[in-house]
Amino acid sequence: VQLQASGGGLVQAGGSLRLSCAASISISSINDMGWYRQAAGKQRELVAITSGGVTNYPDSVKGRFSISRDYAKDAVVLQMISLKPEDTAVYYCWGRYYYRDYWGQGTQVTVSS
């Protein structure tokens, strides 16, 4: 399974970005998919997950980030609004397929104040 992330960039605080992660297989067969991020000097953290039709977010992004599946494109999308400088990080898409974890290559999101 290959995951290809795209959509990162530089945005001002309060702005929006949409990240997309295209899978090399049908996402209908990938039960768990999500997005993680890793800021400089910090551990990687989960920011959104979709599993069995249920979505979850940590409090730090709840109400601002939204994860969804685009079955037509076999992609998982992360819509981010009201971005803050502390959202600056490399964002990685993730999928679990047959009990094995797969990662995209990461895309940089930079939020300027």
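**View 1. R44 sits over two aromatic rings in this predicted model.** R44 lies over the face of Y92, 3.8 Å from the ring centre. R44 also lies over the face of W103. Here the distance to the ring centre is 4.6 Å.

**View 2. Y36, W94 and W103 make up one aromatic cluster.** The count of aromatic pairs comes to 3. One of them joins Y36 and W94, with ring centres 6.0 Å apart. The planes of these two rings stand at 75°, so the pair is edge-to-face; the cut-off for that label is over 60 degrees. Which strands hold the two partners? Y36 belongs to strand 4 (residues 32-38), and W94 to strand 9 (residues 89-97). The pair therefore ties together parts that are 58 residues apart in sequence. W94 counts as buried, because its relative accessibility is 4% and the limit for buried is under 20%.

**View 3. Y97 and Y98 form an edge-to-face pair.** Their ring centres are 4.7 Å apart. Their planes meet at 90°, so the pair is edge-to-face. How exposed are the two residues? Y97 has 23% relative accessibility and counts as partly exposed. Y98 reaches 67%, so Y98 counts as exposed.

**View 4. A disulfide joins C21 and C93.** A search of the whole structure finds 1 disulfide. The sulfur atoms of C21 and C93 are 2.1 Å apart. This disulfide links distant parts of the chain. C21 is in strand 3 (residues 17-23), C93 is in strand 9, and they are 72 residues apart. Is the disulfide right-handed or left-handed? The torsion about the S-S bond is about 55°, so the disulfide is right-handed. Both C21 and C93 are buried.

**View 5. Four strands build an open sheet.** The order of the 4 strands is 1-3-8-7, and the pairing is antiparallel. Which strands are at the edges? Strand 1 and strand 7 (65-70) are the edge strands, because each pairs on one side only. On average, neighbouring strands of this sheet are turned by 15° against each other, direction ignored. Strands of a sheet pair through backbone hydrogen bonds. Strand 7 pairs with strand 8 (residues 75-80) over 6 bridges, in the antiparallel sense. One example is F65, whose bridge partner in strand 8 is M80.

**View 6. T50 is a buried residue of strand 5.** Strand 5 covers residues 45-51. T50 has a relative accessible area of 6%. That value is under 20%, so T50 counts as buried. What does T50 touch? Leaving aside neighbours within four places in sequence, T50 is in contact with N31, D32, M33, T55, I67, R69 and V76.

**View 7. Q2 is an exposed residue ahead of strand 1.** Q2 lies in the segment before strand 1 (3-6). Its relative accessible area is 61%. Exposed means over 50%, so Q2 counts as exposed. Q2 still has contacts: not counting residues up to four places away in sequence, Q2 touches A22, A23 and S24. How far is Q2 from Q105? Along the chain they are 103 residues apart. In space, the C-alpha atoms of Q2 and Q105 are separated by 9.5 Å.

Key: Residues are numbered from 1 along each chain as its sequence is written. This is a predicted model: local features need pLDDT of at least 70, side-chain atom pairs count only at pLDDT 80 or more; totals for chains, interfaces and linings use all residues. Side-chain values use heavy atoms; hydrogens and water are left out. Helices (H or I, at least four residues) and strands (E, at least two) are DSSP runs, numbered from the N terminus. Buried means under 20% relative accessible area, exposed over 50%, partly exposed in between (1.4 Å probe, protein chains only). Contact means heavy atoms within 4.5 Å. Two strands pair if DSSP finds at least two bridges between them. Axes are lines fitted to C-alpha atoms, for helices over the stretch in contact, and angles run from 0 to 180 degrees between N-to-C directions. Rings of Phe, Tyr and Trp (its six-membered ring) pair if their centres lie within 6.5 Å; planes under 30 degrees apart count as stacked, over 60 as edge-to-face and the rest as tilted. A charge sits over a ring if NZ of Lys or CZ of Arg is within 6 Å of the ring centre and within 35 degrees of the ring normal. A disulfide is a pair of cysteine sulfur atoms within 2.5 Å.
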